[in-house]
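Let's take a friendly tour of one protein model, going from a helix to some cysteines and then to the pockets. Have a look at the structure below before reading on.

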Amino acid sequence: MAAVTSSTARSADVPAKVTQSDIDWRTRWFNAFCTLVLLVFAALWLIPLLWAGVTSLRPEAEIAANPSSWWTDNWTLEAYRSIFAMGDMQNWYLNSAVSSAIAAFLTVVVCSMAGFALSQTRFAGRRAFMALLVAGLLLPSEAIILPMFREFEALGLLNTYWALVLPIVACTPMVLVFSVFFSGLPKELSDSARADGAGWFRIYRQIYLPLSRPIISAVAIFSFVTSWNNFLWPLLVMTNTKMMTIPVGLVTVQSSFGIRYAQLMASAVLGALPLLIVFLVFQRRIVEGVATTGIDK
């Protein structure tokens with residue numbers, strides 16, 4: 001009797017095994033919860049965008065009477081016609097596209113070379129240089145706008161593409177991202193190449209760059225988006241209407257409208273539409289880059 005009692009007590013102390021059905025049930029509930037959270041965040045982003053698109057297609061009189069309505073019987077493109085009539089949209093789009101593409105290309109080249117040098121080579125003052133890079137992250141860009149403006153003015157670069165491109169190229173976070181990524185690659189790659197007589201630039205170009213396609217795509221895309229959305233700096237250095245970018249040009253057009261919601265929403269749609277297309281085309285590259293590098297800008 002005592003033996004039976006002791007065995008029963010031992011069996012009561014042993015936790016019940018988790019069955020496969022319990023695991024499947026928990027997994028389904030977790031997936032459902034994650035899906036719900038994603039849908040909520042997607043709605044927070046999509047609803048304002050959809051409302052802006054709908055509002056830009058409504059007559060101004062109806063918007064003034066009922067701003068929150070999602071429907072109208074008189075759809076019109078008058079807001080877009082007004083913007084194209086009052087602004088030099090073709091040149092603004094061209095300026096934004098050219099400057100953003102050049103900035104993305106040069107950012108990848110310069111930051112990847114700097115990151116490679118910091119991660120693979122050892123030189124005097126390397127730690128101090130890294131400390132200065134990290135300290136630069138604490139300095140807001142607005143604090144150096146005036147010295148940068150005087151510098152570009154002295155060089156005669158105002159109202160040129162270089163005034164838009166060069167400040168984007170010197171991107172400290174991207175240098176650190178490349179440095180961390182290259183540091184994670186096997187050290188034997190560079191050691192073997194060095195033993196075979198390859199120079200540092202050849203190692204960088206033929207070994208490390210081909211292995212860095214996800215991060216190169218991510219850095220290029222985020223640099224393009226950053227340059228496209230840049231407003232304060234182009235507003236200062238681009239005084240010529242023909243050289244303005246989309247954000248600056250649309251603001252100058254909006255200032256002449258007053259409070260006209262259709263034109264304001266049409267301007268927002270025209271400014272965001274190219275970036276939306278870029279995201280849809282390079283969506284897989286963006287996801288791969290974020291997963292690989294942790295970039296979340």
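## Two cysteines without a bond

Keep in mind that this is a predicted model. Let's begin with cysteine 111, which is buried, with a relative accessible area of just 1%. Cysteine 171 counts as buried too, at 13% relative accessibility.

So why don't these two form a bond? The closest cysteine sulfur to that of cysteine 111 belongs to cysteine 171, and at 5.5 Å it is too far for a bond. It works the other way round as well: from the sulfur of cysteine 171, the closest cysteine sulfur is in cysteine 111, 5.5 Å away. To count as a disulfide, the two sulfur atoms would have to be within 2.5 Å. In case the word is new, a disulfide is a covalent bond between the sulfur atoms of two cysteines. A search of the whole structure turns up zero of them.

## A look at helix α12

Helix α12 covers residues 213–229, which makes 17 residues. At 1.5 Å a residue, the helix should span 24 Å, and its end C-alpha atoms are indeed 24 Å apart, so the two agree.

Which residues of α12 are buried? They are Ile215, Ser217, Ala218, Val219, Ile221, Phe222, Ser223, Phe224, Ser227 and Trp228.

## The largest pocket

Now for some empty space: the largest pocket holds about 1100 Å³. It is lined by 30 residues, and the closest to its centre are Trp45, Val225, Leu275, Leu276 and Phe279. The elements giving two or more residues to this lining are α2 (20–56), α12, α14 (246–255), α15 (261–281) and α16 (283–293). Of these, α15 gives the most, with eight residues.

What is the lining made of, by class? There are 23 nonpolar, six polar and one charged residues. Domain 1 (27–65) and domain 2 (87–253) each give at least three residues to the lining of this pocket.

## The second largest pocket

The second largest pocket has a volume of about 810 Å³. Its lining has 26 residues, and Ser141, Ile144, Pro167, Ile168 and Ala170 lie nearest the centre. By class, that lining has 17 nonpolar, seven polar and two charged residues.

Helix α12 turns up here again: along with α7 (145–154), α8 (161–169), α9 (172–183) and α13 (232–237), it supplies at least two residues of the lining.

Methods:
Residues numbered from 1 in each chain as written. Predicted model: local features only at pLDDT ≥ 70, side-chain atom pairs only at ≥ 80, totals over all residues. Heavy atoms only, no water. Helix = DSSP H or I, 4+ residues; strand = E, 2+ residues; numbered from the N terminus. Expected span 1.5 Å × (residues − 1). Buried < 20%, exposed > 50% of the residue type's maximum accessible area, 1.4 Å probe, protein only. 1 Å grid on protein atoms, 1.4 Å probe; cavity = no way out; pocket = protein on both sides within 12 Å on 5 of 7 lines; lining within 4 Å. Points joined across faces, edges and corners; volume = space filled by probe spheres on them. Nonpolar A, V, L, I, M, F, W, Y, C, P; charged D, E, K, R; others polar. Domains from an automatic or database assignment.
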